[in-house]
Amino acid sequence: MKHMPESFTEHFAALDQLLLDHQSLWDNQPFTQQRLAWEADYPELSAWLRAQNLEHAERHQLEPWKALEEAPLMAPGESGAYFLREIQKMYLTLLAQTGLPRHPVKQLPGVMSRGIPGRKWQQIEAFAACLPPHWQGSRWLDWCAGKGHLGRRLAWPADSLCSLEHDPALVEAGKQLSRQWHVKASHPQCDALGEQAIAHLAASDTWVALHACGDLHTSLLRHSKQQGVQRLAIAPCCYNRIRTRHYQPLSGLGQASALQLDRHMLGLPLQATVTAGAAEIRRLNRNMAWRLGFDLLQRQWRQVDAYLPVPSAANRWRHESFAHWCQAAARLKGIQPGPVNDWQAAEQAGWQRLAEVRNLELVQGLFRRPLELWLLLDMALFLQEQGFAVQLGEFCPWQLTPRNLLLVAERQEEIQEKCT
Ligand SMILES: C[S@@+](CC[C@H](N)C(=O)[O-])C[C@H]1O[C@@H](n2cnc3c(N)ncnc32)[C@H](O)[C@@H]1O
């Protein structure tokens, strides 16, 4: 696979248009809204999705465009067919262009990966293979490093490492591992969002961040401008973990866009689950079905046709029956429960609603990756504006982690020096 061409500007503009043109299709909340605004425009698609079962939605959750290929292409005039084809075309083009070049990596003693969850280790190996070989010999900064597995892998055996993390237990565990493997490492316990973090950001270091959430990865990008670092590689995640109400675009084009992404919208790219096991999925589904069943009842009991959130602690209640769960939820919310003639039917209505919600979410799912790419392109453009040569692409298959996009950036003058 090729890596994404440097025309980030064109890709960004195309995605921006796509997302704005079809905002009603992805900026909605099937879980809390009983009917979505777009369903009036695409009644046949809506009816078809609502008629599918939960298993259909689960089968297609990761590749929603496959489900929608089977859907009747309907809707007023040609526009129904248009949006699906348009999105599919864009999606496939982008997918075909999001591989990164791989380089040979130094082999580590196998025992170094002991105790690291298998998927995490494979992510780290894949991340390392996307970094240009001449980056070896650096001093590495691992940002929001956890135990510092990535940084230690890159630094071993002879480079040095600064592994910055705020959780004391992770810092301590990281220190022990660095000692065990004789890696020259410092492990500052530090809030990456605080002023004191700046003292650890040397422009001559190579900065890496694997799955630093929301503000943590955007703050590192902002520091890259202020500190004038030469090289960095970032695989972001949890775009919605931000302190502001909306995403603050970094690039000029991002700032000029009419797209305003709030935390809920920023959660969309995170919706696909690849790591949950069957038992976990069954448990999650039951929680969701009961919440939706309760939602139908509370609308009648309160005579208010609006969703009423129940705190997430309710997922841990040990109630064996739907009826008991609903009564506890009603007490918690201060609602007087009305009579229910058939609790089994009421629970079944919750499961039916869950199937509808999950199938309607397939339409949103089409926009998960475009929205994520929009965010990554905003970051790539920001780095380009500062004179970095930037590569953006997938560093590992999504089965290892759905947050598999990586930015690899190096200042142009640095590259020119290496070539002369
Ligand atoms: C998703 S984990 C990724 C850890 C590691 N990079 C990895 O890939 O295994 C995010 C890490 O950021 C750390 N973190 C969260 N907020 C932080 C902050 N304000 N300052 C420093 N580290 C923070 C967490 O403790 C956690 O270790």
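Let's start with a cysteine: Cys326 has 0% relative accessibility, so this residue counts as buried (under 20% relative accessible area; over 50% would be exposed and anything in between partly exposed, with a 1.4 Å probe and protein chains only). Before going further, keep in mind that this is a predicted model, where local features need pLDDT of at least 70, side-chain atom pairs count only at pLDDT 80 or more, and totals for chains, interfaces and linings use all residues. Residues are numbered from 1 along each chain as its sequence is written, and side-chain values use heavy atoms, leaving out hydrogens and water.

Cys144 also counts as buried, because its relative accessibility is 18%. Does that put a partner sulfur within reach, or too far away for a bond? The closest cysteine sulfur belongs to Cys213 and sits 7.8 Å from that of Cys144, which is too far for a bond. In fact, searching the whole structure turns up zero disulfides (a disulfide being a pair of cysteine sulfur atoms within 2.5 Å).Now for the strands. Helices (H or I, at least four residues) and strands (E, at least two) are DSSP runs, numbered from the N terminus. Strand β2 covers residues 160-164, and four of its five residues are buried, so the rest of the structure largely encloses this strand. On one side of the pairing list is β1 (residues 139-143), which runs parallel to β2 over five bridges; two strands count as paired if DSSP finds at least two bridges between them. Along that pairing, Asp142 stands opposite Ser163 of β2. Strand β3 (residues 184-186) is also parallel to β2, joined by three bridges, and here Cys162 stands opposite Ser186.

Helices link these strands. β1, helix α8 (residues 149-155) and β2 form a right-handed β-α-β unit. Right-handed here means that, with the strands pointing away from the viewer, the path from the first strand over the helix to the second runs clockwise. Moving along, β2, helix α9 (residues 168-180) and β3 make a right-handed unit of the β-α-β kind too.

That leaves the ligand. It is surrounded by 14 residues, the closest being Lys120, Glu165, Asp191, Ala192 and Leu210; a residue qualifies if one of its heavy atoms lies within 4 Å. Backbone atoms supply some polar contacts (pairs of N or O atoms within 3.5 Å). Cys144 comes back into the story here, with a polar backbone atom 3.0 Å from a ligand nitrogen. Ala192 places a backbone N or O atom 2.8 Å from a nitrogen of the ligand, and Leu210 has a backbone N or O atom 2.8 Å from a ligand nitrogen. On its own the ligand has 600 Å² of accessible area, and the protein covers 77% of that (areas by the Shrake-Rupley method with a 1.4 Å probe).

Methods
Polar contact = N/O pair within 3.5 Å; in protein donor to acceptor, adjacent residues only side chain to side chain.
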